[in-house]
Amino acid sequence: MAVTQLQLCVLSHRFPRLNPSSSSSPSPKRKYMPCQFWCIKSSSLHGRSFKSPNRGNCKVMSQKTGNKLDSTMYINVEDDSDIELLRIEQVKSSQIHLAKVLMGLTCLYIPLRLAKLNVLDIFIKIAQERFLCTVQNIGAATLPFACASNSMNKPLPLGLDVTLPSFQDVKWSFHRLLYLFNVQLEKNVATFFIVLLVACFSFVLIGGFLFYKFRDSKESLEDCFWEAWACLCSSSTHLKQRTRIERVIGFVLAIWGILFYTRLLSTMTEQFRSNMYKLREGAQMQVLETDHIIICGVNSHLAFILKQLNKYHEFAVRLGTATARKQRILLMSDLPRKQIDKLADQIAKDFNHIDILTKSCSLSLTKSYERAAANKARAIIILPTKTDRYEVDTDAFLSVLALQPIPNMESVPTIVEVSSSNTCELLKSISGLKVEPVENVASKLFVQCSRQKGLIKIYRHLLNYRKNVFNLWNSPSLAGLKYRELGPGFQEAVVCGLYRNEKIYFHPNDDEILQETDKVLFIAPVNGAITYSNVKEISDANRSVEDVEKDSDTQSYALKIRKENTRPKKRGSKASDGTLGPKEFILLLGWRPDVVEMIEEYDNYLGPGSVVEILSDVPLDDRNKATKGAGGQAKLKNVQVSHRIGNPMNFDTLQETIRNIQLSSKNEDIPLSIVVISDREWLLGDPNRADKQSAYSLLLAENICNKLGVTVQNLVAEIVDSKLGKQITRIKPSLTYIAAEEVMSLVTAQVAEDSELNEVWKDILNAEGDEIYVKDIRLYMKEGEIPSFTELAKRAHLRREVAIGYVKNNKKVINPVPKSEPLSLELTDSLIVISELEGEQPILM
């Protein structure tokens with residue numbers, strides 16, 4: 001409906017005064033009076049003419065221009081006669097009031113009609129149009145160069161592209177949506193399960209509404225939804241539909257139901273497979289174990305450590321001290337789970353007393369150790385997995401730092417294999433942990449065993465739980481006794497020293513009083529019942545050195561021992577000030593970075609003028625780089641190092657090298673030792689290949705020496721597999737194999753069972769501490785003498801040495817029982833002692 005303005009002009013009339021005395025009528029006068037009206041186009045209002053109660057004529061003139069209707073209505077009132085005017089003046093007042101009421105009702109009718117037009121919507125549309133125009137004007141005025149061609153700053157049309165996107169754009173958008181869905185699905189398989197559920201309920205809703213519509217609301221909406229769900233769940237339900245359209249709807253729902261359950265089954269299977277994969281990897285699996293042993297890392301030491309732990313738990317079961325039938329071992333590594341399982345199965349297939357669990361995770365994250373229940377473990381062993389010594393120490397430090405945030409870790413010993421003593425001090429400084437760093441001195445141990453034939457067997461014996469090993473024993477009943485009284489009291493063990501304030505003392509004073517916190521270090525079997533016999537009067541227990549000197553058999557011998565007992569002024573040298581080390585020629589076949597440590601160890605044992613010649617195919621630049629990093633030749637005092645380029649497995653190259661050594665030492669008799677080490681980094685690789693190369697080079701060197709008539713003092717090879725080493729020594733008794741890495745692994749396993757033994761082995765395996773020596777028996781007895789082991793131990797004690805056994809006819813005996821029986825030893829036999837000095841020179845009688 002259109003609302004226009006109507007201008008109404010009414011011809012006003014002036015009623016003249018009636019003069020009763022005058023009978024003449026004045027001339028009629030007309031006046032126009034404009035009035036404003038609204039014209040409403042409506043079917044309900046059809047008024048075309050208006051009639052007044054008088055006899056005047058009413059004329060209406062209107063003019064329409066465009067969409068607007070501007071009308072002016074003139075009401076012409078003509079004066080017919082004075083009689084009619086008189087009648088008008090005589091109209092009753094009630095009629096005038098009635099006209100006013102009608103006019104008021106007419107005015108009220110207009111707003112009532114406007115209420116039906118929803119004027120509010122019209123005003124909102126007008127306001128929106130005005131607002132959009134204002135925004136366009138402001139934007140056009142603020143844009144740069146918007147009015148460069150329009151000086152009036154008028155807004156220009158936006159020129160929006162309202163065309164439909166191209167097919168390529170729609171295709172790219174669809175592929176983008178699928179890509180985002182696949183990314184989310186890759187992160188979590190359950191995403192597809194949610195999508196299926198949403199699609200399923202959507203089909204149920206749509207099918208229910210369609211059933212409700214085409215059944216003309218004969219059934220409730222709830223029944224229609226249930227019918228749609230029945231068609232979706234059971235494909236046979238759509239066969240019960242009656243009409244054609246219902247059958248089509250049921251058929252579609254049945255087909256979607258088949259697809260839905262097929263995809264649902266495959267999604268659940270994939271989710272189950274994903275969860276099983278996570279369980280197999282073990283990264284997110286929470287370990288609920290107590291008193292278990294955690295081994296972090298995989299290297300060549302792992303097999304020996306597991307073997308040692310299996311032996312220890314076997315003896316624990318026999319003694320009744322084991323808390324479970326099998327010891328749980330949790331093997332953690334950053335390798336794939338399948339590779340760890342395969343390796344564990346190969347190693348532990350013959351171990352009946354340990355149960356190995358595997359877990360693939362990061363060894364530098366705290367969450368990995370929390371899921372492994374590290375605070376409830378019996379011990380934690382961290383093995384190196386890198387070849388570079390700096391990377392070994394860095395990884396060890398990060399692993400220890402990852403353990404620090406875990407609560408209640410103070411009581412769990414953490415055994416860490418490191419490459420330097422400085423790293424040991426750094427790891428011990430970490431608060432909140434019980435760290436026991438084990439320095440990997442395999443290279444130093446290799447040098448020790450290469451110079452003393454049979455020493456490697458002694459180390460294996462002391463690290464084998466089936467034989468005599470180091471033990472620490474504490475008893476409050478020993479408090480107040482003197483140290484000299486301990487030896488005779490332990491008839492079934494060899495007393496080696498005291499453990500006090502986390503330090504080991506192999507040679508305490510005889511008058512040292514034992515405290516309640518002291519522990520006695522002795523060598524004895526693990527399953528042996530060690531007791532102290534509190535004998536008040538023991539013939540030799542309370543005798544002083546002067547009393548021993550009065551004995552006719554040992555008087556002169558003891559005096560000469562005391563005079564010969566000179567100590568070195570500086571630690572680190574195995575020769576005393578009065579006696580220099582022997583001059584030797586060492587031919588080293590092979591190269592790896594820790595050869596520098598071997599050379600330094602040779603420098604501690606050998607005398608001035610000794611030569612170490614290295615034959616390897618490693619370039620000289622790599623060798624010089626490793627040598628300069630360790631200090632170079634300037635750091636060595638007794639050994640001169642020379643290098644040769646060549647393959648040790650080449651017959652001509654090796655023969656030429658040995659012939660040159662023979663010619664250079666023709667004028668003087670210098671002992672020659674040939675030492676074979678692995679040329680490859682077999683610590684992380686395949687040790688079997690390295691063993692084959694080492695064994696071949698050793699046998700080739702022996703063959704060349706026999707052809708050239710060269711006398712070799714020691715022919716030693718580094719071999720990891722003990723079975724192969726025993727087979728070689730069985731064929732060639734003159735050859736010696738050394739498994740230094742195996743010994744270090746056994747040390748790590750023993751420290752894992754008793755962390756306090758770490759100080760014992762640290763002192764024994766370090767060049768600056770006490771070591772195990774196989775010394776000539778002539779240093780302790782005269783020809784024709786038949787002393788007991790107790791007597792030999794007393795004579796060794798006068799030289800600040802601890803006798804732990806002897807070697808007779810190339811057979812070692814450690815902790816002989818009984819100790820008071822005489823021993824028929826020959827001068828070719830040896831005594832096994834723990835001493836700080838090498839002392840190979842016999843005492844002159």
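**Exercise 1. Work out how F251 is classed by accessibility, and place F251 in its surface surroundings.**

*Step 1.* F251 has a relative accessibility of 47%. The classes are buried for under 20% relative accessible area, exposed for over 50%, and partly exposed in between, with a 1.4 Å probe and protein chains only. F251 therefore counts as partly exposed.

*Step 2.* Before going on, note that this is a predicted model, where local features need pLDDT of at least 70 and side-chain atom pairs count only at pLDDT 80 or more, while totals for chains, interfaces and linings use all residues. Residues are numbered from 1 along each chain as its sequence is written, and side-chain values use heavy atoms, with hydrogens and water left out.

*Step 3.* Now find the element: F251 lies in helix 7. Helices (H or I, at least four residues) and strands (E, at least two) are DSSP runs, numbered from the N terminus.

*Step 4.* Look around F251 on the surface. A nonpolar patch there includes F203, I206, F251 and L259, and its residues together have about 930 Å² of accessible area. Two elements, helix 5 (190–214) and helix 7 (244–281), give two or more residues to this patch. Helix 7 gives the most, with seven residues. Patch members have over 30% relative accessible area and no salt bridge; like charges are joined within 9 Å, and nonpolar side chains (Val, Leu, Ile, Met, Phe, Trp, Tyr) within 5 Å. The areas come from the Shrake-Rupley method with a 1.4 Å probe, and for residues only the protein chains shown count as cover.

**Exercise 2. Find which parts of the chain are tied together by the salt bridges E289–R328 and R451–E584.**

*Step 1.* Set the criterion: a side-chain nitrogen of Lys or Arg within 4 Å of a carboxyl oxygen of Asp or Glu. The structure holds 25 salt bridges.

*Step 2.* For E289 and R328, the closest N and O atoms are 2.6 Å apart. E289 sits in the loop between helix 7 and strand 5 (293–296), and R328 in strand 6 (residues 327–333), so this pair links parts 39 residues apart in sequence. R328 is partly exposed, at 31% relative accessible area.

*Step 3.* R451 and E584 meet at 3.5 Å, N to O. R451 belongs to helix 13 (residues 442–451), while E584 is in the loop between helix 17 (555–564) and strand 15 (585–589), so the parts tied together are 133 residues apart in sequence. R451 counts as buried at 14% relative accessibility, and E584 counts as buried at 7%.

**Exercise 3. Describe the sheet with strand order 21-24-22-23, and the helix that packs on it.**

*Step 1.* Begin with the layout: this is an open sheet of four strands with antiparallel pairing. Two strands pair if DSSP finds at least two bridges between them. Strand 21 (771–776) and strand 23 (811–814) are the edge strands, each pairing on one side only.

*Step 2.* Add the geometry. Neighbouring strands are turned by 30° against each other on average, direction ignored. Axes are lines fitted to C-alpha atoms, for helices over the stretch in contact, and angles run from 0 to 180 degrees between N-to-C directions.

*Step 3.* Zoom in on one pair. Strand 22 (residues 802–808) and strand 23 run antiparallel, over four bridges. Y806 has V813 in strand 23 as its bridge partner.

*Step 4.* Bring in the helix. Helix 25 (residues 789–798) packs on the sheet, touching strand 22 and strand 24 (830–835), and its direction makes about 125° with that of strand 22. Contact means heavy atoms within 4.5 Å.

*Step 5.* Finish inside helix 25. The side chains of R795 and E791 form a salt bridge at 3.4 Å, N to O. They are four residues apart, which means a separation of about one helical turn. R795 is buried, with 5% relative accessible area.

**Exercise 4. Analyse the sheet with strand order 11-14-12-13.**

*Step 1.* Four strands make up this open sheet, and the pairing is antiparallel.

*Step 2.* Strand 11 (468–473) and strand 13 (503–505) stand at the edges with a single partner strand each, so one side of each has no neighbour in the sheet.

*Step 3.* On average, neighbouring strands are turned by 35° against each other, direction ignored.

*Step 4.* Strand 12 (residues 494–500) and strand 14 (residues 519–525) run antiparallel and are joined by five bridges. V495 stands opposite F522 in strand 14.
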